[in-house]
Amino acid sequence: MLHASAVLDPASVVAPVSRRTFGSFVEHMGRCVYTGIYEPDHPAADEDGFRTDVLALTRELGVTMVRYPGGNFVSGYRWEDGIGPRDRRPRRRDLAWHSVETNQVGIDEFARWADKADVEIMYAVNLGTRGVQEALDVHEYVNHPEGTTLSDLRRANGAAKPYGITLWCLGNEMDGPWQLGHRTAHEYGLLAASTARALRSAEPGLELVVCGSSGSGMPTFGAWEATVLEHAYDLVDYVSCHAYYEELDGDLGSFLASAVDMDHFVDSIVATADSVGARLRSKKKINLSFDEWNVWYLSRFQGQEPPEGWDVAPRVIEDEYNVADAVVVGNLLISLLRHSDRVTAACQAQLVNVIAPIRTEPGGPAWRQTIFHPFAKTAALARGDVLRTRLTSPTYDTPRYGEVPVVDAIATHDAESGDVVVFAVNRDQNAPLELTVDLHLFPEQLRPAETYTLTDTDLTATNTREAPDRVVLRPNEHVSIDGPTLKAVLPRVSWTAIRLTRAGEER
């Protein structure tokens, strides 16, 4: 059996766990909104037309924040189309996804949904086809208390109190030639800085996210961030990162090591941002908002012919996820936690139907995809501080990333409860692995309280409408503690979470 080891020290802290790490994303794309979160004719719909089965799964998933309303969609979106009486709202072409937007859900409806789901809204403004004035207008509508035209219009539309949205995205993927209103880094940097100044004049305490690269494969990666931040560094709080991963050409080994690329992405942008800050002699540190990430079989989508007609809520990129996909998602969460000192916000894209952990059928059931499980359990268990994890692991060669560790792991420690949680993946495709974790630096004896592993003899197994629980988390029967040493057997291609608690305590 392969063997790996780790040493944990409660004094070696990366940063507190940021609850915003467990964000999601609702875009007006495909069936994410319509027949996803909203389906007024569904048997499980509430008085506002929201699917209560999806709301329940959203809470179970542990989502803390949702980015809205896009995405590529936002670069052509007129926010005012989605307010007021529904029968007077215009139907518009959505050029991003070649569909018709009915505007039956807008910011007022989404704010009600967010309140029911108990999530924070991260709001994205249109800096593609619009600009500073429109950003100020939507801010006045959602955040100004009363006494102005737009705040009083919100009140007339049924929301007496402002929504208090504090986290704002200044556009979306403006580096991408596919984006409506695509600009150079210099042009976008000037617009983002102007918009940030205006929004801060309206509400100084806002947290603002400037667009970074839409992927590390972009030819302007790094240079884009440097130029944009030269203009906007002291005006914004975050730079965004977007990354999607898929298995290509049967190269499962590289796919399972996708977190290696996420680590490199984060380290590169941190270095770029800090370099700009040093040149500007700024004492400020820019954090990262990894507000689009997931497994997405993008190559399949890019190979499709564009639709001939313009439909409402067409089925778009409804990827069906397997066991290997779920292990990768669990590993990407390990990477995000590992960088909690700088990645303090993140959004898995998206929440429902569109490359999503939750799937629905119109008029029918909702169910958990395989990737639901590692996200939900990480969100539930990760508390307190993220610990630096000194890991020793065998390695294997990959065509895409070279030599990579077989095991990746991170741990969290909640000083108040005493709980230690270890999250680990075994990337080996053939054999189980024994992981030992040295806990001698913890002052109290620990014992296993909960264990969860996601794996399967069939790595292509999926959850479907007919078999929604084909792939679930199961207890790991091979976890034990001998004195200060934790031992766990990790099956091949698996994700595992182990919660340890003080010996003698029940919780």
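**Sheets, helices and cores in a predicted model**

Q: What is the strand order in the open sheet of 3 strands, and what is its pairing?
A: The order is 5-6-12, with mixed pairing. Strands here are DSSP runs of E with at least two residues, helices are runs of H or I with at least four, and both are numbered from the N terminus. The model is a predicted one, in which local features need pLDDT of at least 70 and side-chain atom pairs count only at pLDDT 80 or more, while totals for chains, interfaces and linings use all residues. Residues are numbered from 1 along each chain as its sequence is written, and side-chain values use heavy atoms, with hydrogens and water left out.

Q: What makes strand 5 (92-94) and strand 12 (311-312) edge strands?
A: Each of them pairs on one side only.

Q: How do you know that strand 6 (residues 99-101) pairs with strand 12?
A: Two strands pair if DSSP finds at least two bridges between them. Strands 6 and 12 are joined by 2 bridges and run parallel, so the criterion is met. V100 stands opposite V312 of strand 12.

Q: Which strands pair with strand 10 (residues 238-245), as judged by bridges?
A: Strand 9 (residues 207-210) is joined to strand 10 by 2 bridges, and strand 11 (residues 287-295) by 7. Both pairs run parallel. V210 faces V239 of strand 10, while Y245 stands opposite V295 of strand 11.

Q: Why is strand 10 called mostly covered?
A: Of its 8 residues, 7 are buried, a term that means under 20% relative accessible area (exposed is over 50%, partly exposed lies in between; 1.4 Å probe, protein chains only).

Q: Why is helix 2 (residues 107-117) described as largely enclosed?
A: 8 of its 11 residues are buried, so the rest of the structure largely encloses it. The buried residues are I107, D108, E109, F110, A111, W113, A114 and A117. Their cover includes helix 1 (52-61), strand 4 (65-68), strand 7 (120-125), helix 3 (132-143) and helix 4 (149-156). Just after helix 2, D118 has a positive phi of about 60 degrees.

Q: What makes a set of residues a nonpolar core, and how many residues has the largest one?
A: The members must be buried Ala, Val, Leu, Ile, Met, Phe, Trp, Tyr or Cys residues joined through side-chain atoms within 4.5 Å. The largest such set has 156 residues, and W113, Y123 and F290 have the most contacts inside it. Helix 10 (residues 323-338) gives the most to this core, with 11 residues.

Q: Why is this core said to lie between domain 1 and domain 2?
A: Domain 1 (2-10 + 386-502) and domain 2 (18-381) both contribute residues to it, so the core lies between them; the bounds come from an automatic or database domain assignment. Apart from this core lies another, of 12 residues, among them M65, V74, M122 and A349.

Q: Which residues does Y123 touch, beyond those up to four places away in sequence?
A: With contact meaning heavy atoms within 4.5 Å, Y123 touches Y68, P69, Y77, W79, I107, V138, I165, L167, W168 and C169.

Q: Why is the protein called as compact as a globular protein of its length?
A: The protein has 11 helices and 26 strands. Its radius of gyration, 23 Å, is close to the 23 Å that the globule rule gives for 507 residues, so the description holds. The radius is taken over C-alpha atoms, and the rule is 2.2 Å times the number of residues to the power 0.38. Buried residues make up 60% of the 507.
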